[in-house]
Amino acid sequence: MTIRQLSETLINQIAAGEVIERPASAAKELIENALDAGATRIEIATAGGGKTLLRVTDNGCGMAPADLEMAIRRHCTSKLETDLIDIRTLGFRGEALPSIGSVAKLSLLSRTAEAREGAEISVTGGKVVPVRPAAANRGTVVEVRDLFFATPARLKFLKSEKAEASAISDVVRRMAIAFPHVRFVLSGSDRTTLEFPATGTDRLARIAQVLGRDFRDNAIEIDAAREDVRLTGFAGVPTFNRGNSLNQFAFVNGRPVQDKLIWSALRAAYAETIPHGRYPVAVLAIDIDPALVDVNVHPAKSDVRFRDPGLVRGLIIGAIREALAREGDRASTTGASGLMRAFRPEAPRPATPWTPSASPYRPFEAAMAAPLRAQQAGFAEFAAPSARSEPAFAPSDAIGEEMSPQRHPLGAARAQLHENYIVAQTEDGLVIVDQHAAHERLVFEAMREALHARAVPAQALLIPEIVDLPEDDCDRLVCHAEEFAKLGLGIERFGPGAIAVRETPAMLGEMDAAGLIRQLADELAEWDTASGLKAKLEYLAATMACHGSVRSGRRMRPEEMNALLRQMEATPGSGQCNHGRPTYIEIKLSDIERLFGRS
């Protein structure tokens with residue numbers, strides 16, 4: 001069979017299959033080009049989910065006529081000099097525009113700040129229409145019509161117009177978070193207008209535009225560094241979680257990525273603080289030397305490869321856990337919002353037709369005053385409320401350092417409802433505490449601290465268990481033998497391709513040692529760290545804490561309730577129990593006053 005050179009059009013269509021998977025992929029490439037051009041305002045218009053029309057307009061530096069001719073050729077770019085490793089822009093491949101032009105109707109209209117008039121070039125199914133003068137504002141307008149009309153088989157693999165439009169919206173949201181100084185507008189006949197005004201350096205304000213104002217009230221700032229890697233961003237408190245991972249955003253050197261290492265580290269950081277099936281809300285930005293990360297792993301540049309993945313994963317887990325420990329006693333404000341909605345009464349429905357005499361807003365008549373005074377006199381016969389009230393200052397608090405316990409973040413205990421909920425008064429509101437969930441968290445943290453403070457007791461196996469593994473896995477496990485020994489797991493080499501397990505953690509009792517060893521070997525091979533054993537021990541500690549904590553239905557004395565509140569304030573992560581449920585809800589006095597129409 002004779003080997004021949006493929007045509008330029010076919011080469012571009014093959015490249016389009018790698019880079020342009022769907023309309024959202026084309027939108028991503030065009031927005032990245034606009035950002036690399038220094039744009040501060042980017043407008044995206046779509047129709048038919050981006051299949052019929054995709055137009056990106058920016059106010060960047062623009063292109064000269066000669067640059068327009070080069071832009072639609074393969075492997076032509078202004079973003080790469082000679083070093084393929086030192087990538088400091090969003091795009092560099094030089095394939096997006098010619099790839100789009102080979103499968104769609106593409107037109108570019110651009111003008112530089114120095115030029116008096118603009119220029120336009122068109123590509124239809126790979127056929128180029130020469131550059132011609134055109135009226136244009138400074139910047140560039142890229143218009144893509146009838147995407148994949150030249151390769152109709154690709155259209156069969158696209159989703160509905162609504163789904164494709166949603167995918168473009170997701171691309172714009174991610175770009176908006178990464179570049180808060182840029183104004184983004186997304187509009188079109190197939191959608192409602194989505195606008196993100198520029199917020200300058202206030203990244204949290206931009207994140208609030210995308211994720212909602214609730215995130216701003218429930219976010220913890222992240223700022224940590226290790227060696228040549230820095231992690232910044234915001235992570236939601238554990239009780240502010242969602243049913244899917246759509247509200248998790250990650251960026252590497254400003255580039256939005258979907259990287260499994262980052263998502264794995266995020267899940268590990270929130271372990272035992274979020275219920276199974278729920279996902280944390282987080283926006284993480286990693287700044288790293290470009291030489292230490294490969295952004296060319298995937299043609300669409302959605303994945304990256306770190307030179308030291310263990311360093312990056314450890315930084316993410318450590319930074320988030322440190323932040324949660326610093327402010328982990330915070331509860332989500334959405335819990336109080338839901339409670340207020342439950343308390344808010346519905347508008348009353350009149351049972352009888354409205355009459356002026358029945359209106360509560362009619363003028364007060366003097367003739368009615370006497371009957372009302374007579375009824376008011378009978379109010380004194382009513383007994384005092386049946387609820388038990390506590391003294392304003394508990395005896396143990398009155399002798400302490402401060403005379404006003406309600407100045408504490410969780411206030412002073414005032415009552416116990418249904419033998420499970422503690423009501424505490426703060427300076428500007430009240431707090432309702434789930435006593436079982438709160439004490440469960442306190443017991444678990446105490447047990448976990450004990451686990452980390454000393455070596456875990458181990459039980460020797462009467463007959464060592466031999467586990468057959470590949471030689472590489474055996475080498476990795478032996479390198480971490482000392483770390484495993486501190487957790488009660490004793491291992492050693494047993495000839496070629498085998499590991500002997502001589503001790504297991506006493507807390508785990510009878511267990512599948514071979515399964516544990518294989519799990520640890522898989523973790524070491526992928527992440528160069530083995531946290532599975534520690535997670536098992538902490539899970540057992542959480543189970544023991546659940547059964548050993550204050551049970552629902554137990555009446556507590558005022559001193560016990562206040563002691564529980566003070567211990568919660570001093571314990572990291574006390575805002576949620578081991579299962580991820582909130583331990584308390586705080587209601588501000590201003591919200592209560594609005595509920596009763598006092599403000």
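Two strands are taken to pair if DSSP finds at least two bridges between them. In the predicted model described here, this criterion is met by β18 and strand β19 (residues 421–426), which run antiparallel and are joined by five bridges; within this pairing, L417 stands opposite Y421 in β19.

The two strands belong to an open sheet of four, arranged in the order β18-β19-β20-β24 with antiparallel pairing. The edge positions are held by β18 (412–417) and β24 (584–588), each of which pairs on one side only, and neighbouring strands of the sheet are turned against each other by 20° on average, direction ignored. Helix α18 (residues 558–569) lies across β18, β19, β20 (429–434) and β24, and runs at about 120° to β18.

A separate element of the model is a contact between two helices. Two packed helices are described by the angle between their axes and the distance between the axes. For helix α2 (residues 23–36) and helix α5 (residues 161–178), the axes come within 8 Å and cross at roughly 25°. Because angles under 35 degrees count as roughly parallel, α2 is roughly parallel to α5. The crossing of α2 and α5 is right-handed.

On the α2 side, the contact involves P23, A24, A27, K28, I31, E32 and L35, which meet E164, A167, I168, V171, V172 and M175 in α5. The residues of this contact of α2 with α5 comprise ten that are nonpolar and three that are charged, with no polar residue among them.

Definitions and conventions. Residues numbered from 1 in each chain as written. Predicted model: local features only at pLDDT ≥ 70, side-chain atom pairs only at ≥ 80, totals over all residues. Heavy atoms only, no water. Axes fitted to C-alpha atoms, helices over the stretch in contact; angles between N-to-C directions. Parallel < 35°, antiparallel > 145°, perpendicular 65-115°, else oblique. Left-handed = near helix turned anticlockwise from the far one by under 90°. Contact = heavy atoms within 4.5 Å. Nonpolar A, V, L, I, M, F, W, Y, C, P; charged D, E, K, R; others polar.
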